[in-house]
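Look at the sequence and the fold together. The paragraphs below begin with a whole chain, then turn to its domains, and end with one helix and one residue.

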There are 4 protein chains.
Amino acid sequence: MDKIHAAILGASGYTGSELIRLLDRHPRFRLVHLAAHSHAGKQAGDVLPGLHDKLAALQLVHIDDPLPDDCQLVFAALPHGAAARTVARVLETGCRVIDLSADFRHQSPETYRQAYGTDHPYPHLLHTAIYGLTEWSRQRLPEARLVANPGCYPTSMLLPLIPLIRAGVLDEAPIIVDAKSGASGAGRSAKVELLFCELNESCRAYGLPRHRHSWEMEEWLAHFGGQPLRVRFVPHILPMNRGMLTTLHLSGRDASSWRDILQQNYANEPFVRLLPEGNLPSTASVAGSNRCDIGLSPLDNDECVVISCIDNLLKGAAGQAIQNANVMFGLDETCGLPDLPCWP
Amino acid sequence: MDKIHAAILGASGYTGSELIRLLDRHPRFRLVHLAAHSHAGKQAGDVLPGLHDKLAALQLVHIDDPLPDDCQLVFAALPHGAAARTVARVLETGCRVIDLSADFRHQSPETYRQAYGTDHPYPHLLHTAIYGLTEWSRQRLPEARLVANPGCYPTSMLLPLIPLIRAGVLDEAPIIVDAKSGASGAGRSAKVELLFCELNESCRAYGLPRHRHSWEMEEWLAHFGGQPLRVRFVPHILPMNRGMLTTLHLSGRDASSWRDILQQNYANEPFVRLLPEGNLPSTASVAGSNRCDIGLSPLDNDECVVISCIDNLLKGAAGQAIQNANVMFGLDETCGLPDLPCWP
Amino acid sequence: MDKIHAAILGASGYTGSELIRLLDRHPRFRLVHLAAHSHAGKQAGDVLPGLHDKLAALQLVHIDDPLPDDCQLVFAALPHGAAARTVARVLETGCRVIDLSADFRHQSPETYRQAYGTDHPYPHLLHTAIYGLTEWSRQRLPEARLVANPGCYPTSMLLPLIPLIRAGVLDEAPIIVDAKSGASGAGRSAKVELLFCELNESCRAYGLPRHRHSWEMEEWLAHFGGQPLRVRFVPHILPMNRGMLTTLHLSGRDASSWRDILQQNYANEPFVRLLPEGNLPSTASVAGSNRCDIGLSPLDNDECVVISCIDNLLKGAAGQAIQNANVMFGLDETCGLPDLPCWP
Amino acid sequence: MDKIHAAILGASGYTGSELIRLLDRHPRFRLVHLAAHSHAGKQAGDVLPGLHDKLAALQLVHIDDPLPDDCQLVFAALPHGAAARTVARVLETGCRVIDLSADFRHQSPETYRQAYGTDHPYPHLLHTAIYGLTEWSRQRLPEARLVANPGCYPTSMLLPLIPLIRAGVLDEAPIIVDAKSGASGAGRSAKVELLFCELNESCRAYGLPRHRHSWEMEEWLAHFGGQPLRVRFVPHILPMNRGMLTTLHLSGRDASSWRDILQQNYANEPFVRLLPEGNLPSTASVAGSNRCDIGLSPLDNDECVVISCIDNLLKGAAGQAIQNANVMFGLDETCGLPDLPCWP
């Protein structure tokens with residue numbers, strides 16, 4: 001069976017590296033093109049550690065260089081703002097794109113402007129993009145030309161919240177999202193604030209008063225849940241490489257039924273696992289896996305703490321991108337994706 | 001000037017170790033007695049690393065062994081439940097006690113029973129204890145015979161909340177306390193769940209649906225704030241040794257004025273620091289210091305995120321105990337206490 | 001094609017967990033039996049985090065319980081000393097065994113007694129075991145009934161040293177092995193010295209003056225290299241979960257030729273990678289992979305520093321066990337084994 | 001008693017920060033001047049976390065700005081190569097200098113050129129500098145105008161080695177120095193290789209084949225020990241903030257007597273501690289302390305492993321600088337220096 005040829009634009013960061021790792025072992029995709037921006041011209045092995053010799057010898061071309069003719073899918077792992085232009089150019093070649101940046105995650109130019117403080121350069125493309133939260137976008141992916149891969153924070157809160165909103169058990173209070181992320185979510189830029197000695201043995205919040213993922217959360221909560229709700233989102237960065245734990249402090253009714261609601265929605269999902277009653281998830285249980293683990297602890301009838309854990313580089317980025325790609329090309333959705341974590 | 005003779009009962013844990021470190025450099029206290037339970041009979045240096053030769057050579061006596069006659073102050077760093085009996089016995093000798101366990105943190109036997117699920121063995125002693133949140137208990141400490149040293153989680157949330165409640169700017173909604181703690185807060189017990197490989201590269205919540213510190217929080221919030229409020233408390237454990245970050249998701253009115261309220265209350269406090277507008281605290285900025293750093297980010301007029309950071313072993317345990325001891329004996333409150341963190 | 005039925009005895013530790021992860025995704029083995037000692041009777045999901053529902057629901061039977069009739073291969077991940085009895089019993093059933101303990105790593109009872117301070121309970125079995133350093137034992141594995149899986153430290157030093165000894169370029173000086181290991185190598189026992197707060201932010205040596213792996217190193221260096229050499233081995237434990245870096249301080253002749261010697265030996269090996277000149281390996285580059293990365297830095301003609309990195313749970317334990325199993329059963333040696341690391 | 005006025009040039013790095021912390025609590029020095037290079041003009045609190053309000057409000061002037069007239073001592077914590085010019089200028093003002101860079105650690109311009117690959121810009125100053133390994137330089141410090149503060153790696157190996165060389169128990173073989181350092185030793189530069197995700201969960205060697213500290217080690221080993229010996233030095237970087245463990249693989253004679261030799265040399269030293277027989281040091285036991293802990297494990301009569309631990313920012317940099325300053329100004333050598341570690 002012929003493999004599907006795929007390219008990675010933006011191969012030198014943490015998300016790019018994870019895409020390489022997943023595609024290298026994927027039985028149905030073949031990596032045919034690796035591109036970077038400032039590292040263009042180098043060999044992959046000079047920029048990323050741990051590649052085997054064949055991958056290490058690949059040359060990183062420039063992100064503006066032409067794609068191979070037979071390339072069918074591009075994964076764009078470029079910085080927010082910089083991705084749009086490249087994505088627009090690739091789409092013109094007829095190649096399908098999964099964009100891991102935030103550039104196509106909003107349906108309206110107005111929301112984009114609010115979240116990112118600038119006008120969208122290709123507003124006409126916004127409505128063509130499918131927001132790729134796989135479990136809820138599955139039907140539309142096979143025809144998608146452009147998939148906007150969700151942000152890690154939105155993924156971690158949308159998965160537990162959408163079924164609850166659809167079931168009508170939440171009240172209208174703002175959704176309090178207290179999220180904790182490993183450091184790889186901050187990217188691979190040479191900044192003092194991301195140095196080992198600055199993050200190690202430390203925890204801090206950031207992005208207040210309104211992190212730009214807040215708009216993404218509210219837009220897709222309304223879209224998939226059918227009820228506009230306000231989000232109060234506080235992200236924190238933790239001294240660990242991978243993993244995201246999102247604590248949702250929720251109010252509503254019949255909290256003891258929420259576990260069943262989630263179970264009914266996700267019983268057959270390969271990458272969403274509801275923990276047994278009384279168990280709470282940990283990031284270590286999903287690090288290295290494409291899974292989202294969810295635990296609930298009702299406080300009383302009206303209040304419930306819901307906690308979800310993902311690996312920010314997998315279900316929060318590269319893993320969900322591959323999951324989307326599998327659906328786009330009619331493959332088994334779990335194909336090439338790790339289910340068990342790399343523990344400890 | 002004669003030094004005040006002090007003892008530590010429960011010297012082999014992390015809090016005991018921190019008390020030793022602080023008392024060894026304290027200009028006005030002299031450590032004359034170190035006691036332990038299972039490690040009784042060993043030398044301190046066999047149980048704790050990093051002691052200098054003189055401390056290392058001290059023998060750990062049993063916690064039931066008699067105190068030296070001239071001992072004026074006992075720091076009890078014993079497990080919850082086990083402390084009460086020892087504290088009661090020491091009080092009979094006329095020695096003053098700072099109890100770092102939870103055994104005397106409640107004013108009524110009923111609340112104790114709710115929080116700890118068992119009857120208090122010495123209910124008549126409960127009302128004699130002074131809850132030692134130094135900044136708010138200062139007046140009553142000089143005559144105290146028994147000080148109940150606050151828990152780390154309650155300390156981290158009471159300091160920012162008390163002034164806000166007293167100012168009447170919070171509404172009646174439950175207080176959402178999303179707290180993150182370093183692993184030393186879990187103690188030095190040989191449990192699989194506390195092994196390096198279980199906690200490293202991981203984050204998880206625990207203690208749900210109602211951690212016992214919730215009762216302590218509600219009791220003293222009402223006591224010092226004058227308004228009964230419910231607390232929804234979710235603690236998390238992080239892969240770092242020291243440090244606690246507590247995120248308070250609050251609703252009320254005039255959120256833009258809250259910083260001034262806190263500033264007015266704490267402007268002259270040596271160990272409470274309000275961060276400049278736009279700045280958020282990190283645990284690394286207080287680790288090794290007795291300070292509590294507080295930052296605020298109003299979301300709009302009615303909502304505000306308030307974040308406090310302490311070192312759970314210092315302001316959250318041994319440091320506040322020394323601060324209380326300084327006040328009890330009429331010393332400068334900052335005596336022997338580190339102000340700057342050990343950073344990085 | 002029928003799958004080969006396999007069992008894990010000792011499933012609740014870190015090595016057992018890694019075997020589960022590898023076998024669960026292995027295309028040719030089926031995990032049919034999970035046994036434990038103190039955790040017998042529990043479900044796998046109560047003991048190990050991150051399992052998917054099907055694995056989590058498996059019951060851990062007792063290690064003395066009978067194996068399924070169709071079980072063809074047992075992975076024994078039991079403590080040193082305790083493994084021998086179980087292995088002997090399993091061999092009598094006709095089932096093949098890969099023993100990950102040290103119990104069958106020595107060819108003579110005398111060496112075993114020196115290393116472990118006690119008489120071997122089944123001395124007649126010692127000579128029947130094949131020492132499974134796959135790259136050098138490959139020919140003998142297809143007929144092996146009992147494979148002694150090498151220790152992590154010996155694996156990390158034997159791979160770079162054997163070719164150099166065979167080439168005759170080392171002099172007779174003792175081999176200085178300064179090794180650094182992640183904490184998972186110390187196992188999953190509830191000991192204070194392995195608690196997060198004891199190992200985090202710390203580095204220490206242990207096992208001196210003569211760690212028991214020293215005998216294993218000397219025996220197999222002589223066996224595979226053909227020259228008896230003394231080893232001076234100093235292991236250290238580092239604050240990280242996985243990974244082992246072994247620094248060899250070597251003396252000999254023609255140090256500039258050593259890279260070529262290693263390259264000639266390992267050019268076609270799927271799991272041994274020689275780094276380009278001027279590059280040194282890191283544990284992060286192999287963590288999550290079954291690979292051994294080797295770098296060299298000649299100091300002058302007579303002296304060379306050789307550094308190897310493995311993941312102690314993969315090439316140092318469970319990964320090499322699967323590699324051996326693949327060869328034992330005539331499968332592709334790389335089958336089911338990760339090549340790229342889980343980075344970062 | 002009047003305080004001695006002191007300045008820090010290069011206040012924005014990890015060493016500068018540690019100097020601020022130590023001087024702020026020092027009873028006899030007053031910090032009167034903080035200077036930086038790229039951060040000049042900012043307030044200290046904008047560049048360093050955790051300062052109290054008074055320190056945070058201090059303005060960082062430029063390193064070329066004039067010193068206050070009454071400044072008696074300058075701590076120069078500037079990058080290697082850049083320090084020399086500034087130090088030369090300060091010396092002309094009559095102010096005394098402790099230079100924490102490598103620029104004045106060699107006695108001859110030739111050695112400097114070999115180690116740093118460039119001509120020394122002020123060769124005539126080299127012989128005026130006192131190498132400030134306090135325990136061995138104590139007599140010459142009171143008159144010193146310029147003190148070259150030793151490197152962290154040299155400090156960690158010179159302290160255990162000098163007494164052994166002077167006792168004549170080492171043979172002439174090269175000294176094998178396998179050193180492991182926390183990440184703060186690499187400085188606070190915005191480099192990808194120092195990011196949290198690159199160093200966390202990783203260990204690697206660097207600086208081969210000959211790290212520039214090798215020349216410093218050999219020069220001062222010969223100077224203080226009286227015997228020229230070659231050093232084979234391999235440094236490694238570990239995933240922790242502070243701490244350095246140096247493993248010395250040594251050959252000689254009468255190894256069982258070495259502990260006594262070290263004990264006789266250091267019995268009265270406040271900051272050198274010899275561990276009891278059978279004990280090995282850990283970095284956690286000295287992190288936050290100015291102490292050097294030394295442990296020995298004789299392998300046989302001719303061979304011995306000697307391990308030393310320091311905090312690279314204290315005894316390896318800022319702490320030893322303060323220790324030197326105390327001696328220069330006739331103060332108690334331990335004044336203002338922490339003895340116990342900040343553990344855990």
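**From the whole chain to a single residue**

Chain A has 344 residues, and a compact globule of that length would have a radius of gyration near 20 Å; the value for chain A is 19 Å, so the two agree. The model is a predicted one. Along the principal axes, the C-alpha atoms of chain A fill a box of roughly 60 × 45 × 45 Å.

What is chain A built from, in terms of secondary structure? It comes to 12 helices and 14 strands. The contacts show how the chain is folded back on itself: among those between residues at least 6 apart in sequence, 71% join residues at least 24 apart. Of the 344 residues of chain A, 66% count as buried. The chain exposes about 11,300 Å², and carbon and sulfur atoms supply 47% of that area.

Next come the charges. Chain A carries 30 positive and 37 negative charges, and the mean positions of these two sets are 3 Å apart.

Where do the domains of chain A lie in the sequence? Domain 1 covers residues 4-128, and domain 2 covers residues 153-312. Taken over C-alpha atoms, the centres of domain 1 and domain 2 of chain A are separated by 26 Å. The two domains of chain A also touch: 16 residues of domain 1 are in contact with 11 residues of domain 2.

Now turn to chain D and one of its helices. Helix α4 of chain D spans residues 83-92, and 7 of its 10 residues are buried, so the helix is largely enclosed by the rest of the structure. Which residues of α4(D) are buried? They are D:Ala83, D:Ala84, D:Thr86, D:Val87, D:Ala88, D:Val90 and D:Leu91. The elements of chain D that these buried residues pack against include four strands, β1 (4-9), β4 (73-76), β5 (96-99) and β7 (146-148), together with the helix α6 (123-126). After α4(D) comes D:Gly94, which has a positive phi, near 95 degrees.

The last stop is a single residue in chain C. C:Thr86 is found in helix α4 of chain C, which runs over residues 83-92. Is C:Thr86 buried or exposed? Its relative accessible area is 1%, and buried means under 20%, so C:Thr86 is buried. Leaving aside residues up to four places away in sequence, C:Thr86 touches C:Leu9, C:Ile63 and C:Leu78.

Terms used
Residues are numbered from 1 along each chain as its sequence is written. Chains are lettered from A and ligands numbered from 1 in the order in which they are written. This is a predicted model: local features need pLDDT of at least 70, side-chain atom pairs count only at pLDDT 80 or more; totals for chains, interfaces and linings use all residues. Side-chain values use heavy atoms; hydrogens and water are left out. Helices (H or I, at least four residues) and strands (E, at least two) are DSSP runs, numbered from the N terminus. The radius of gyration is taken over C-alpha atoms; the globule rule is 2.2 Å times the number of residues to the power 0.38. Buried means under 20% relative accessible area, exposed over 50%, partly exposed in between (1.4 Å probe, protein chains only). Contact means heavy atoms within 4.5 Å. Accessible areas come from the Shrake-Rupley method with a 1.4 Å probe; for residues, only the protein chains shown count as cover. Lys and Arg count as positive and Asp and Glu as negative; His and the chain ends are not counted. The place of a charge is taken as NZ of Lys, CZ of Arg, CG of Asp or CD of Glu. Domain bounds come from an automatic or database domain assignment.
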